Amino acid sequence: MNIAGNFIATAGRLPEKPFLVAPNGSIFTYSQILSRARRFATLLASRGARPGDRVILTFPNSVDYLCAYLGALFLDCTVLIVDHRSRPAHLEYVRDNCQVSLWAAPGERTEFGHIPGLVVFPSDLDRIPEMPMKRLCSGNNPLALIMYTSGATGIPKGVCLSHDNLQHTIRSITQWARIDEDDRELTTLSLAHLFGLAHTHIYWTLGGTLFLEERLKDIPRILEKISRERITSFPGTPGGFKIIIDKFADLFATHARGLKYIIVNSAPMAREYIGKILDLLPETRFYMYYGLTEASRSSCICYNDHRDKLETVGRPTPGSEIRVGTPSSPLVQETGEILIRGPHLTSGYWGLDSTPYFNKGWFRTGDLGSMDSDGFLTWKGRLKEQINIDGLKLTPMEVETVLMEHAGVLDCAVVGAPDEMTGESVVAFIVPRGVPDKRLEIDIRKFCKSRLEIFKVPTKIVFIEEIPRTDTGKSMRISLKDRLFP
Amino acid sequence: MSPNDLKLRNLLVEILLIDDDQYRDENGPDSIETWDSLAMVRIATAVEESFGYGMTPEEMVSLDSIGNIKAILRSHDIRFDV
């Protein structure tokens, strides 16, 4: 079933309930959004969009964006979402890769002017007639979304996600996070990525209310808004929560104590910060989940219930199966590639032979992890980022976890650098607290030596002002490596 | 402490992550856990960069104590405290 059909059902059940609250405070009910999305569907159809056509949307977080998204889904188009901050070359790549004829944006974008097929979201949308209800969600196109991977480690690939995949994820998250129609979520996440976008699917399915923010800026104002608007859910990335805890812990404890739950995703979070959040908000459920665009929300944990498992990303979500190593004889308490199977799993990549990414129906994530005897998964980094020191292997995360426990380290990322003697050596990029010097460097390395096997101790430390990260909070290690050899 | 001692101590602290008080002539691979074959090569390379003397392969494999490093450098007119 088309996920936009969930929205139609909710709009029929709760027409006057607020669905979206714009950053400026404007409130839009389910019936109002339904009307606007139907008008945008009419506009798209008038430009030639048909079921199965692929349409690119490139918007900041906004009410217009979600109306355009629903409008395209109403027509049974396959939606490709491109971050609005992407460069023209990326939009062109996606457009060519998927043979897209239409792309929609909130206004004219001069640097994109040479790319044909632009549909500008109209300021006078009310003048366009609503698409008749009987023409919405005809069910002729199983493919809902093609999400392009960031390309941080290579050429972007279009991950194909069907309506069935997304429906499963909606059911799964709703079940384990116990979300309901009374929930009010404030999102600062980019809705161009699946983490944030999947929450909109859940909320419009259940009848909840979403408060949109463009991003996590002006944190004191956002925290104040959480208490003023009686927000119950606040999803975020580890990086975002780290800033909040480091700089605004008191405000967070004051304003966020009414939260029913917070959800973190996208990257591992230091145990120290998980513990701090649990201590600051003892009544709030703290969920972490692990997944990829290809297999969203594959495992989850509620840390309140498992304070002895803070280093893990939990157990498989309902319907999802996870193994480490090989499907037939999975590893326990040993590190290997994480394999995932389940109804939420992508069918593959657009236009690519996906065979190498699967092993007997299991998706090869390219992630390293280990499963403990209780079935809890620990994520250990990317297989490709594994560092090989003269045959001895480690993941950046093993070292990063230790580094983050040092009082002088604000943020860090570890890479393997080419080394004549050992093949690779461990290099740590560190954002220091205060002014760094040689003494701090030695102290950090000694700290690592006291907690890690000796080959894992960084042989070099580079102090920098900021760790470059993707929008979803992942370290861009390739770009850091480039700094070593400019 | 002579300038050369200071230089060698800093070099070994950085490579071997030893504490200052471990900078004693009798200490070597048996008493410093980080002093493995790889560290030995790094020490030789760092000594060449800092003191301008490149060790021979034979000298490199004979590096079994801090005192021995000093002895090799002394034999090439690089002075250390006795």
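Let's start with a pair of strands in chain A: β23 (residues 409–419) and β24 run antiparallel and are joined by 10 bridges. (Strands here are DSSP runs of E with at least two residues, helices are runs of H or I with at least four, and both are numbered from the N terminus; two strands pair if DSSP finds at least two bridges between them.) Before going on, note that this is a predicted model, where local features need pLDDT of at least 70, side-chain atom pairs count only at pLDDT 80 or more, and totals for chains, interfaces and linings use all residues. Residues are numbered from 1 along each chain as its sequence is written, while chains are lettered from A and ligands numbered from 1 in the order in which they are written.

Back to our strands. A hairpin takes β23(A) to β24(A) through 3 residues, and A:P418 has A:E424 as its bridge partner in β24(A). β24(A) also pairs with strand β25 (residues 460–463) of chain A, this time in the parallel sense over 4 bridges; there, A:A428 is matched with A:I461. Of the 10 residues of β24(A), which spans 423–432, 7 are buried, so this strand is largely enclosed by the rest of the structure. (Buried means 20 or more other C-beta atoms within 10 Å of a residue's own, exposed means 12 or fewer, and partly exposed is in between, with C-beta atoms placed from the backbone.)

Now step back for a moment. The domain assignment splits out domain 1 (3–288) and domain 2 (386–484) in chain A, with bounds that come from an automatic or database assignment. Taken over C-alpha atoms, the centres of these two domains are 34 Å apart.

Next comes an open sheet of 7 strands in chain A, with mixed pairing and the order β6-β5-β3-β4-β7-β8-β17. At its edges stand β6 (118–120) and β17 (348–349), each with a single partner strand, so one side of each is left without a neighbour in the sheet. β17(A) runs antiparallel to β8 (residues 158–162) of chain A, and 2 bridges join them; one bridge puts A:V159 opposite A:Y349.

In the loop between β17 and β18 (358–359) of chain A you'll find A:W350. This residue is buried, with 22 other C-beta atoms within 10 Å. Leaving out residues up to four places away in sequence, A:W350 touches A:N97, A:C98, A:I146, A:G158 and A:C160, where contact means C-beta atoms, placed from the backbone, within 7 Å. A:W350 and A:I56 are 294 residues apart in sequence, and 14 Å apart in space from C-alpha to C-alpha.

Compare A:Q333, in the loop between β15 (321–324) and β16 (336–341) of chain A. Is A:Q333 buried or exposed? A:Q333 is exposed, with 10 other C-beta atoms within 10 Å. Its contacts, setting aside neighbours within four places in sequence, are A:S370, A:D372 and A:S373. A:M133 lies 200 residues from A:Q333 in sequence and 54 Å away in space, C-alpha to C-alpha.

Finally, look at where the chains meet. On chain A, 7 residues are in contact with 7 residues of chain B. The chain A side of that contact has 3 nonpolar, 1 polar and 3 charged residues. (Ala, Val, Leu, Ile, Met, Phe, Trp, Tyr, Cys and Pro count as nonpolar, Asp, Glu, Lys and Arg as charged, and the others, Gly among them, as polar.)

Key. Two residues are in contact if their C-beta atoms, placed from the backbone, lie within 7 Å.
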